[in-house]
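Biologist: Hi! Could you walk me through this model?
Modeller: Sure, let's look at it together.

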Amino acid sequence: MEKKPIIGISGSILLTEGGIFAGYRRSYVNQDYIESVIEAGGIPFIIPFNTNTSVTVEQVKNIDALILSGGHDVFPLIYGEEPKQALGETFPERDYFDITLLKTAMDLNKPVLGICRGHQIINAGNGGSLYQDLSYNKELFIKHSQSTKWNIPTHTITIEEGSFLDDIYEKNEGMVNSFHHQIINDLADGFKVIARSKDGAIEAIEKINNRNFVLGIQWHPEMMNISDIFSKKLFKKFINTVKERNSNN
Ligand code: MN
């Protein structure tokens, strides 16, 4: 039987509320990442958050590909900006952890899929910047923090021809969910914008060459995977890409 690839998913910390264990820290990822990876043919492992860089590097050596999961706002001093008033909650230690995961995976030529915050980490970790809040880009008019159930797509995207997403969606158009109040500002060197919403916000980026396969998705395909065929195709194509790249190495 064909070996299924090991997909490491970056974890975060959940604080217990109330009771004797109030403030207790637990490692976690949302269950829909796990289920999306399994359905697409991968073997998921949570990569627990920690602050030991050499341990984080070893964690990456043990996986075939990395998924950077969603979460807090990226701390703006990473891209050289002071925190502005509309910045949301941050977790700078996790930024450091995620960027170590990202850079190690890229150094080792292991595929990376970043989702929401993970997509923003890919850009900031490679020298790009973010708008700390949508309000700082006056051209944006679409509701990117939807008040509709998590798996329901609410805005359209236009997809770049020839990109990773091109053969997943039909006629260069897609419908995605949206749970973000930050977006990419300056694009990191070596990356291409491959999807935008109708107000011009960058919704997906890629860097694909002989060494690196890095894909950033601003929406949440793992939340839509339960009911959306295009999200299923996206995960399937990612896992198949990991298999192909593994067999070529
Ligand atoms: Mn959006």
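Biologist: How do the residues of the lining of the largest pocket divide into nonpolar, polar and charged?
Modeller: There are 7 nonpolar, 7 polar and 3 charged residues in that lining. Keep in mind that this is a predicted model.

Biologist: And how much space lies in that largest pocket?
Modeller: About 260 Å³. It has 17 lining residues, and the closest to its centre are Tyr28, Asn30, Gly70, Gly71 and His72.

Biologist: What about the second largest pocket, which residues line it?
Modeller: Its lining is made of Ile13, Leu14, Leu15, Arg25, His72, Glu89, Thr90 and Phe91. The space there comes to about 160 Å³.

Biologist: Which strand gives the most to that lining?
Modeller: That would be β2 (residues 12-15), with 3 residues. By type, the lining of the second largest pocket has 4 nonpolar, 2 polar and 2 charged residues.

Biologist: New topic: the metal! What coordinates the manganese ion?
Modeller: Five side chains do the job: His144 through ND1, His155 through NE2, Ser178 through OG, His180 through NE2 and Glu203 through OE. The distances run from 2.2 to 2.3 Å.

Biologist: What spacing do those donors follow along the chain?
Modeller: The pattern is H-x10-H-x22-S-x1-H-x22-E. Ser178 sits in the loop between β9 (173-176) and β10 (183-184), while Glu203 is in strand β12 (residues 202-208), so this pair ties together parts that are 25 residues apart in sequence.

Biologist: Is Ser178 buried or exposed?
Modeller: Ser178 is buried, because its relative accessible area is 1%, under the 20% cut-off. Glu203 is buried as well, at 0%.

Biologist: OK, on to the inside. How many residues has the largest nonpolar core?
Modeller: It has 32. Those with the most contacts inside it are Ile67, Leu113, Leu165, Tyr169, Ile217, Trp219 and Phe238. Several elements give two or more residues to this core, including β1 (6-10), α1 (31-39), β5 (65-68) and α6 (229-248).

Biologist: Which of the elements gives the most?
Modeller: α6 does, with 5 residues.

Biologist: Why would nonpolar side chains be buried together?
Modeller: That is a general tendency of nonpolar side chains in soluble globular proteins.

Biologist: You mentioned Phe238. What is it in contact with?
Modeller: Leaving aside neighbours within four places in sequence, Phe238 is in contact with Ala65, Leu66, Ile67, Pro111, Val112, Leu113, Phe164 and Phe213. Apart from the largest core there is another one, of 29 residues, and Val112 is among its members, along with Tyr79, Phe97 and Val193.

Biologist: How many cavities of 30 Å³ or more does a search of the whole structure find?
Modeller: Just 1, with about 30 Å³ of space. Asn50, Thr51, Asn52, Thr53, Thr56, Tyr96, Phe97 and Thr100 line it.

Biologist: Where does the largest share of that lining come from?
Modeller: From α3, which supplies 3 residues. The lining divides into 2 nonpolar and 6 polar residues, with no charged ones.

Biologist: Last one: where is the place of Phe191?
Modeller: Phe191 is in the loop between β10 and β11. Phe191 is buried, with a relative accessible area of 8%.

Biologist: And what does Phe191 touch?
Modeller: Not counting residues up to four places away in sequence, Phe191 touches Ile122, Asn126, Ile205, Glu206, Lys207 and Val214.

Key:
Residues are numbered from 1 along each chain as its sequence is written. This is a predicted model: local features need pLDDT of at least 70, side-chain atom pairs count only at pLDDT 80 or more; totals for chains, interfaces and linings use all residues. Side-chain values use heavy atoms; hydrogens and water are left out. Donors are N, O and S atoms within 2.8 Å of the metal (3.2 Å for Na, K and Ca); water is not among the atoms, so sites may look incomplete. Helices (H or I, at least four residues) and strands (E, at least two) are DSSP runs, numbered from the N terminus. Buried means under 20% relative accessible area, exposed over 50%, partly exposed in between (1.4 Å probe, protein chains only). On a 1 Å grid over the protein atoms alone, a cavity is a set of points where a 1.4 Å probe fits but cannot get out, and a pocket is an open set with protein on both sides within 12 Å along at least five of seven lines; lining residues have an atom within 4 Å of a point. Grid points are joined across faces, edges and corners, and a volume is the space filled by probe spheres set on the points. Ala, Val, Leu, Ile, Met, Phe, Trp, Tyr, Cys and Pro count as nonpolar, Asp, Glu, Lys and Arg as charged, and the others, Gly among them, as polar. A nonpolar core is a set of buried Ala, Val, Leu, Ile, Met, Phe, Trp, Tyr and Cys residues joined through side-chain atoms within 4.5 Å. Contact means heavy atoms within 4.5 Å.
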